[in-house]
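Trainee: I have this one open in front of me and would love a close look at a single part rather than a tour of everything. Could you pick a spot and work outwards from there?

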Amino acid sequence: MAKETAESKALAALLKKLLGAAKGQPPDRREPIEQLVLSMLQWESTRKQAEAAYDAWLAGVSDLNELRVSFDHELIEVLGEDYPRGPERVRRMRESMHEVFIREYDWRMASLDERNKRDQREYLDTLPGLPPYAAAGVMLLSLGGHALPVDGKLRRLLEAEGALPEGLSDGEAESWLLRQIKAGEALSAHHALQCWADGRKDKGDAEGPASSPGVALRTGADPEPEPEPEPAPKPKKKAPAKSTKKKAPAKSTAKAAAGQGGATRKRVSKKK
């Protein structure tokens, strides 16, 4: 436990109350790729919404790799228009899954089993599109690491309770919380905090999607079609080349006729 501050004391008091009020059990352990998808659905959402959406997605595919190769609009349609940040979370998730496939040449994250905890977290933190909340979810719930999922909603709620220093990013908020919460208590703390956040509303719920590096936010779901090429301009007809030879000036018809007539008269007069 780090040195006590006003925020750490407030957090300890809040956790004590929330641990006693939390209903149900912490989530079951899942394979890393499964938890990545589920955590992406739960980010800036609720556990209930995420589990329902996850089941709906799985009902239409044979395995999770089909989510990676599906069109955005197909996955968004299953989520429904009211799902918080649906288009953004779908793009983020598929971007992360594509990177996993590039690294592993497989859609599972099997290589994580061969890494230590520090390298596992680095692997997750460097997946493009994956927010710290989802990386922490995989780390805590699949790999048993010391992590705590924090999204914007939970961060704002903790700030409002005075249980978190203000002005931190989601990743910085997680780091601060982990200094207050022991590794063996992280799972139960996450469960209690998630249950609490799921039952609360805050001003950020009505905000639009937040963009992130590497994630293009467009109104269309699928990649934008390539613009049709413009028709090639018709070739211009070449003007005939001008001759370099100078033409001799044509004689006047009148002069030619006059010349012929004069010659005739001369010949006639000789005969006489």
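Mentor: Let's start at Glu 44, which is buried because its relative accessible area is 15%, below the 20% under which a residue counts as buried. Keep in mind that this is a predicted model. Glu 44 sits in the loop between helix 2 and helix 3. Its backbone deserves a look too: phi is positive, about 55°, although Glu 44 is not a glycine. Tyr 105 makes a nice companion case, as this residue is not a glycine either and has a positive phi of about 55°. Tyr 105 belongs to the loop between helix 6 and helix 7. There the surroundings read otherwise, since Tyr 105 has a relative accessibility of 71% and counts as exposed.

Now step back from Glu 44 into helix 2. Ile 33 lies in this helix, and with a relative accessible area of 5% Ile 33 is buried. What does Ile 33 touch, leaving aside its neighbours within four places in sequence? The partners are Leu 64, Met 97, Trp 107 and Met 109. You can also follow the backbone here: the C-alpha atoms of Ile 33 and Val 100 are separated by 9.1 Å, with their positions 67 residues apart along the chain. The chain as a whole has plenty of such links, as 69% of the contacts between residues at least 6 apart in sequence join residues at least 24 apart.

Turn next to the packing partner of helix 2. How do helix 2 and helix 8 cross? Their axes, for residues 32-42 and residues 132-141, come within 8 Å and cross at roughly 140°. The two helices are therefore oblique to each other, and their crossing is right-handed. From helix 2, the contact uses Pro 32, Gln 35, Leu 36, Ser 39, Met 40 and Gln 42, which meet Tyr 133, Ala 134, Gly 137, Val 138 and Leu 141 of helix 8. Sorted by class, this contact has 7 nonpolar and 4 polar residues, with no charged ones.

Helix 8 itself is mostly covered, with 9 of its 10 residues buried. Those buried residues are Tyr 133, Ala 134, Ala 135, Ala 136, Gly 137, Val 138, Met 139, Leu 140 and Leu 141. They pack against helix 2, helix 7, helix 10 (170-180) and helix 11 (186-198). For the chain overall, 40% of the 272 residues count as buried.

That brings us to the interior. In soluble globular proteins, nonpolar side chains tend to be buried together. The largest nonpolar core here has 40 residues, and those touching the most other members are Leu 36, Leu 41, Trp 57, Leu 67, Met 93, Met 109 and Leu 124. At least two residues of this core come from each of helix 2, helix 3 (47-59), helix 5 (72-79), helix 6 (86-104), helix 7 (117-125) and helix 8. Helix 8 gives the most to this core, with 8 residues. Leu 124 lets you see the packing up close: not counting residues up to four places away in sequence, Leu 124 touches Met 109, Leu 112, Leu 130, Ala 135, Val 138, Met 139 and Leu 143. There is also a second, separate core of 21 residues, including Val 150, Leu 178, Ile 181 and Trp 196.

Trp 196 leads us to another helix pair, because this residue of helix 11 takes part in the contact with helix 1. The axes of helix 1 (residues 6-21) and helix 11 come within 9 Å and cross at roughly 80°. That makes helix 1 roughly perpendicular to helix 11. The contact brings Leu 14, Leu 15, Leu 18 and Leu 19 of helix 1 to Ser 188, Ala 189, Ala 192, Leu 193 and Trp 196 of helix 11. Its residues divide into 8 nonpolar and 1 polar, again with no charged ones.

One last residue: His 191 is in helix 11 and is buried, with a relative accessible area of 7%. Apart from its neighbours within four places in sequence, His 191 is in contact with Ala 22, Lys 23, Gly 24, Gln 25, Pro 26 and Arg 47. As a frame for your own exploring, the protein chain has 12 helices and 0 strands.

Notes
Residues are numbered from 1 along each chain as its sequence is written. This is a predicted model: local features need pLDDT of at least 70, side-chain atom pairs count only at pLDDT 80 or more; totals for chains, interfaces and linings use all residues. Side-chain values use heavy atoms; hydrogens and water are left out. Axes are lines fitted to C-alpha atoms, for helices over the stretch in contact, and angles run from 0 to 180 degrees between N-to-C directions. Helices (H or I, at least four residues) and strands (E, at least two) are DSSP runs, numbered from the N terminus. Angles under 35 degrees count as roughly parallel, over 145 as roughly antiparallel, 65 to 115 as roughly perpendicular and the rest as oblique. A crossing is left-handed if the near helix is turned anticlockwise from the far one by less than a right angle, and right-handed if clockwise. Contact means heavy atoms within 4.5 Å. Ala, Val, Leu, Ile, Met, Phe, Trp, Tyr, Cys and Pro count as nonpolar, Asp, Glu, Lys and Arg as charged, and the others, Gly among them, as polar. A nonpolar core is a set of buried Ala, Val, Leu, Ile, Met, Phe, Trp, Tyr and Cys residues joined through side-chain atoms within 4.5 Å. Buried means under 20% relative accessible area, exposed over 50%, partly exposed in between (1.4 Å probe, protein chains only).
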